[in-house]
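Thanks, everyone. I will go through the spaces and the interfaces in this model, so please have the structure open.

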Amino acid sequence: MPRREIFTMGDIACAEGAISAGCRYFGGYPITPATEIAEWMAVRMPEVGGAFVQYEDEIASITSALGASWAGTKAMTATSGPGASLMMESVGLAVMTETPVVIVNIMRGGPSTGQPTRGQQGDVFQAKWGSHGDYQIIGLTPASVQEMFDLTVRAFNLSERYRVPVFVLADEVVGHMREKLVIPDEKDLKLVDRKMPTVDPSDYLPFKPGDDLVPPMALLGTKYQFYATGLTHDERGYPTDSDEVQIELITRLSEKVLRHVYDIIDVEKYMLDDADIAIVAYGTPSRSARKAIKDARAEGINVGMLRLKSVWPFPEKIVSELGSQVRHIIVPEQNMGQIYYMVRAFAAPTPIHLMTKPAGTPQLPDEILQKIKEVHSL
Amino acid sequence: MSRYEIRIGGFGGQGIVTMAVVIGESSSLFDKKYVVQTQSYGPEARGGASKSEIVISDEEIDYPKVIAPDVFIAMSRAAYLEYVHGLKENGVLIIDSDLVNVESELPQGVRVYRVPATRIADQEVRSKQTTNVVMMGAFAAITKAISIDGLRHQMEERWPKFVKINHLALELGIKAGEKALAGES
Amino acid sequence: MTTAPATLVHPMSKYIREDRLPWIYCPGCSIGIATGMIVRAIDNIGLDFSKVVFVSGIGCSGRTSGYFKTGTFHTTHGRAIPFATGVKIANPDLEVIVVAGDGDLAAIGGNHLIHACRRNIDMTVVCINNWNYGMTGGQFGPTTEHEKLTQTSPPPIGNMEHPFNLIKLAASSGATFVARWTAVQVRRGITSIEKGIKKKGFSFIEIVGACPTAYGRMNKLGEGVDMHKHLLEVTDIQNGLPPHEAEIEYDKRIVCGEFVDIEKPEYTDVLKQMHAKVRK
């Protein structure tokens, strides 16, 4: 398709991003405020020769997407907090079986049923640590309708490249707001497909990694036979209770992500060059922060922003460098403080100031401006 | 145009969100402005409170929601009572005059325009569903914040089967807007 | 020079990952018999084995998938059917077989089972019913009979709950092919599995088996051989009986046979129609 401009919702931009990225399987269950993704996919998937399947719950939705992924199809699911909680079991399975899959969480108020139609950023830690055991995932945080498209494309690319589940973590405002979306010409999109084995089938070891720590992935119905299990397994895929194999596998599953942070991490530095106060933000609060920064600069305060377009893996080095550059860091989040703790872990001893807002309306620009002034006077 | 904020309040079923979407589409795709449209709604599909917002600007829009609207279109008494005090000083208040009365004091300098959009849709267009189109016409005529050509174009794109009736509703809305403008209170 | 004696090759070994043998199953367990039924059914049909996919969940039966030499998945507890559904929809040319236990399919995965029956996705589910959770040491499950003893249903009462009849469950949920055999009706079981695989729709085949190590020991049902002999004795073959009459009572009577064989539009076929209509 040639380049198009539409005025649309973040949820729909996400769905279109997935389709442009080559997604041809969507498994889902209706949930506010992510339902529009499912509704859009129900119409669009058949048009592009893909499948939209509505399941009995979110557990089946994500698990079926893993199956579709192994059958050779780029697959996704989309949900909100309550559904994300149910999906955590298969997030672990995807990590362990190294299955590419994209999980979209349009974050609403929690805990439990919370505020379905109101936004929050309360699931950022859940995305990283929600399933049991030690592992790494990738988490991207769009702040506009265009980024809902762009980062969903990126989510598929990263998922295919590293065979790891990738979360798109958008707050409800981003999911439900409408803005102009430019869908690029398909030939201008850079798409990544998973690495496939080239060795003779008799020599194929399904979980033997390449130099990049990512094993080539055979597909079902090909000449390659394999066993994929959620149990700790050796390079053949066979279960084992050996300590050595467990350590090697768990280390590699983390390292294959952490070794490539230079490729994965995505941040935007806004007016940071001369800043002595920095805001670290993502999603809708970063938009409030941008306005507050303009207003503060008009009053002569040197403030800037590190905007996180990816939160997992956490940009440890960048935040640590920021800590040594500025006098103060302010972290406004639509929660009780999550990324704040990560910033504190890596930017200390620079004072870090948390602005909590566990509610649907993000921090207003004026509220952040007041905080900037307060911190500036310290 | 620097940041220009529009808030529309009413109840579910009046087309409050659709109205904002069409204004947003028209302003973004036809008038080539930066636009963000948002909404909030309750669990009720019909009858509950409904609010939608549009921010229009010549520059990239940072904070996406309305802070203090330049224009407030009130299409229910409940919405009027809830949001009227948020209106900017010297702002514009457009009310569906059969559904909303000006009660209590308004922020300083607010200009009030009365448009019987529901009645026009019901009695003149003979389709209550076009209430929001009538109001869009009135809004464009009163504020000049969006182009009427853009609205017309966008409605044709969006509802190709209802071009005629929507054009009628839009024209009547524009007329009602002009009339309200002339008799400004 | 003397020629070496010809090595005996098991006729089904080409389907099995022999480098994974011996399997984890206890002496007297029925899961090996059920595995044999499945490969023989595949061999009889002459399927291209590389196009066959096995998906299982957790538990003793959940380990079965790992012994087949093709694309195989050992997923999480109860989730074999949704995983398999994704596989089948993404590539309908694959022959998808789920092998799982009663606890996996009817307790933690029960919701997926009934919805897959209703959805009518083309796959064959072989449920090995050993009356309890075997791998964790013998706890009561969704098929454990009232008052039977397990580690979590101890004396003086035993199981306070009542079991599912899986045939009734699958049939009333809309499965298009439903059959039950015990582990000793091997030839009949193979035939039903063949029919299930060939069926364009959701097939559910229950293989009633024995868990001598846990369930048998706790309820004093004897060794594996005794339990299998007992299964033979209490089997009552009633092909074509209405599924709601397919009773199962370990001590007295296990009604076996094929109970449902109906036609209705299959999901991936309907999806193809959808594609054809939308893309016209």
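Two elements, α7 (172–176) of chain A and β2 of chain B, each supply at least two residues of the lining of the largest cavity. Helices and strands here are DSSP runs numbered from the N terminus, H or I of at least four residues for a helix and E of at least two for a strand. α7(A) gives the largest share of that lining, 3 residues. The full lining is A:Glu172, A:Val173, A:His176, A:Met177, B:Thr38, B:Gln39 and B:Lys65. By class that is 2 nonpolar, 3 polar and 2 charged. Nonpolar covers Ala, Val, Leu, Ile, Met, Phe, Trp, Tyr, Cys and Pro; charged covers Asp, Glu, Lys and Arg; the others, with Gly among them, are polar.

This is a predicted model, in which local features need pLDDT of at least 70 and side-chain atom pairs pLDDT 80 or more, while totals for chains, interfaces and linings use all residues. Residues are numbered from 1 along each chain as its sequence is written, chains are lettered from A and ligands numbered from 1 in the order written, and side-chain values use heavy atoms, without hydrogens and water.

The volume of the largest cavity is about 30 Å³, and the count is 1 cavity of 30 Å³ or more. On a 1 Å grid over the protein atoms alone, a cavity is a set of points where a 1.4 Å probe fits but cannot get out; a pocket is an open set with protein on both sides within 12 Å along at least five of seven lines; lining residues have an atom within 4 Å of a point. Points are joined across faces, edges and corners, and a volume is the space filled by probe spheres set on them.

Next, the second largest pocket, with about 620 Å³ of space. Its lining has 25 residues, and A:Ser144, A:Gln146, A:Glu179, B:Tyr34 and B:Glu60 lie nearest the centre. The split is 8 nonpolar, 3 polar and 14 charged. Domain 1 (4–188) and domain 2 (267–376) of chain A each give at least three residues to this lining; the bounds come from an automatic or database domain assignment.

How do those two domains meet? Between them, 28 residues of domain 1 are in contact with 24 residues of domain 2, contact meaning heavy atoms within 4.5 Å. They bury about 2000 Å², 52% of it from carbon and sulfur atoms, where buried area is the accessible area (1.4 Å probe) that two parts lose on being put together, summed over both. On the domain 1 side, A:Gln121, A:Phe125 and A:Thr141 lose the most area, together 31% of what that side buries. The rule finds 3 salt bridges across this interface, a salt bridge being a side-chain nitrogen of Lys or Arg within 4 Å of a carboxyl oxygen of Asp or Glu. A:Arg287 forms a salt bridge with A:Glu179, at 2.8 Å between the closest N and O atoms.

Now the chains. Chain A and chain B bury about 1800 Å² between them. A:Phe7, A:Arg178 and A:Arg287 lose the most area on the chain A side, together 36% of what it buries. A:Glu5 and B:Lys32 meet in a salt bridge (3.9 Å, N to O).

Between chain C and chain A, about 3100 Å² is buried. A:Glu89 pairs with C:Arg79 in a salt bridge, with the closest N and O atoms 2.6 Å apart. Chains B and C do not touch; their nearest C-alpha atoms are 20 Å apart.
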